[in-house]
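Here are a few friendly notes to read alongside the model. I have kept them as numbered points so that you can check each one against the coordinates.

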Amino acid sequence: MPKRQFRKTAFTALALVAALAVSQTGLADADHDHSAHEGIYKERADTMKSFGGAAKTTGAMLKGKTPFDLAKARAAGQLVADKASTIPALFPEGTNAGESEALPIIWQDWEGFTAAAKLLGERAGVLAAAEDQAAVGAAFGAMIKACGGCHKTYRLDKD
Ligand code: HEC
């Protein structure tokens, strides 16, 4: 191979390697974004979704869409009460990357954030101990306000 030709080939190969490196960086970024939906982010989303499920079940029976079921309402309250105490651990500092709706104020106002989690736990505990439909209605309303209170300050409002 003439020297010139060799140089050209080597150059092309280098260019290919460089292009590959760039596309691999792209892949690495995609992986990074992907990881945002795993680990702590997934655990967090799963917990919040279970809250959403508990709220939906109880809300539906209070609206008369499903038959009132005291045991189910109390179980929903118990689920939220049990998991509310895990909320702070689901938000390690700086875990608001990618599509996360967690706002940085969570870590600037950690005391307020953990207080909001504690309030949810207390109100869910009241729902878990409700004795009748009226008590479920009142406790449920108070609990949902605790969800909204935290979301309003600490979660990105996309709407
Ligand atoms: C102490 C604060 C706090 C409380 C209390 C709280 N949440 Fe959240 N919630 C958040 C934050 C912050 C996010 C955004 C998390 C993210 O995107 O990384 C969120 C996200 C969610 C999501 C979206 C989950 C997803 O990723 O798909 C749902 C659903 C949800 N919350 C429901 C509830 C319900 C229902 C309650 C009450 C029973 C509740 N939350 C109580 C802070 C809270």
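1. Let me begin with the nonpolar core, bearing in mind that this is a predicted model. The largest nonpolar core has 23 residues, and those that touch the most other members are Val80, Ala84, Ala117, Leu120, Ala124, Leu127 and Met143. Helix 2, helix 3, helix 5 and helix 6 are the elements that give two or more residues to this core. As a general background, nonpolar side chains tend to be buried together in soluble globular proteins.

2. Leu120 is a good residue to click on next. Neighbours within four places in sequence aside, Leu120 is in contact with Val80, Ala84, Met143, Ala146, Cys147 and Cys150. Two of these partners, Ala146 and Met143, are among the buried residues of helix 6.

3. Helix 6 itself runs over residues 133-154, which is 22 residues. From first C-alpha to last it reaches 31 Å, close to the 32 Å expected at 1.5 Å a residue.

4. Which residues of helix 6 are buried? They are Val136, Ala139, Phe140, Met143, Ala146 and Tyr154. These residues lie on the same side of helix 6, because they cover an arc of only 115° around the axis. In general, an α-helix has 3.6 residues a turn, so residues three or four places apart point the same way.

5. Now turn helix 6 around. The face away from its buried side carries Ala134, Gly148 and Lys152, which are exposed. As for the buried residues of helix 6, what covers them includes helix 2 (39-62), helix 3 (70-84), helix 4 (105-108) and helix 5 (110-128).

6. Cys150 deserves its own look. Cysteine 150 sits in helix 6 and counts as partly exposed, because it has 19 C-beta neighbours inside 10 Å, whereas a buried residue needs 20 or more. Beyond four places in sequence, cysteine 150 is in contact with Ala116 and Leu120. Leucine 119 is 31 residues away from cysteine 150 in sequence, yet their C-alpha atoms are 9.6 Å apart in space.

7. Finally, the ligand. Of the 23 residues around the ligand, Met48, Ser100, Glu101, Cys147 and Cys150 come nearest. The elements giving two or more residues to this shell are helix 2, helix 5 and helix 6, and helix 2 gives the most, with seven residues. By type, the shell around the ligand comprises 16 nonpolar, three polar and four charged residues. Cys150 and Cys147 thus come up twice in these notes: they are among the residues nearest the ligand, and both are in contact with Leu120.

Note on methods:
Residues numbered from 1 in each chain as written. Predicted model: local features only at pLDDT ≥ 70, side-chain atom pairs only at ≥ 80, totals over all residues. Helix = DSSP H or I, 4+ residues; strand = E, 2+ residues; numbered from the N terminus. Expected span 1.5 Å × (residues − 1). Buried ≥ 20, exposed ≤ 12 C-beta atoms within 10 Å, placed from the backbone. Arc of directions from axis to C-beta. Contact = placed C-beta atoms within 7 Å. Near = placed C-beta within 6 Å. Nonpolar A, V, L, I, M, F, W, Y, C, P; charged D, E, K, R; others polar. Core = buried A, V, L, I, M, F, W, Y, C linked by C-beta atoms within 7 Å.
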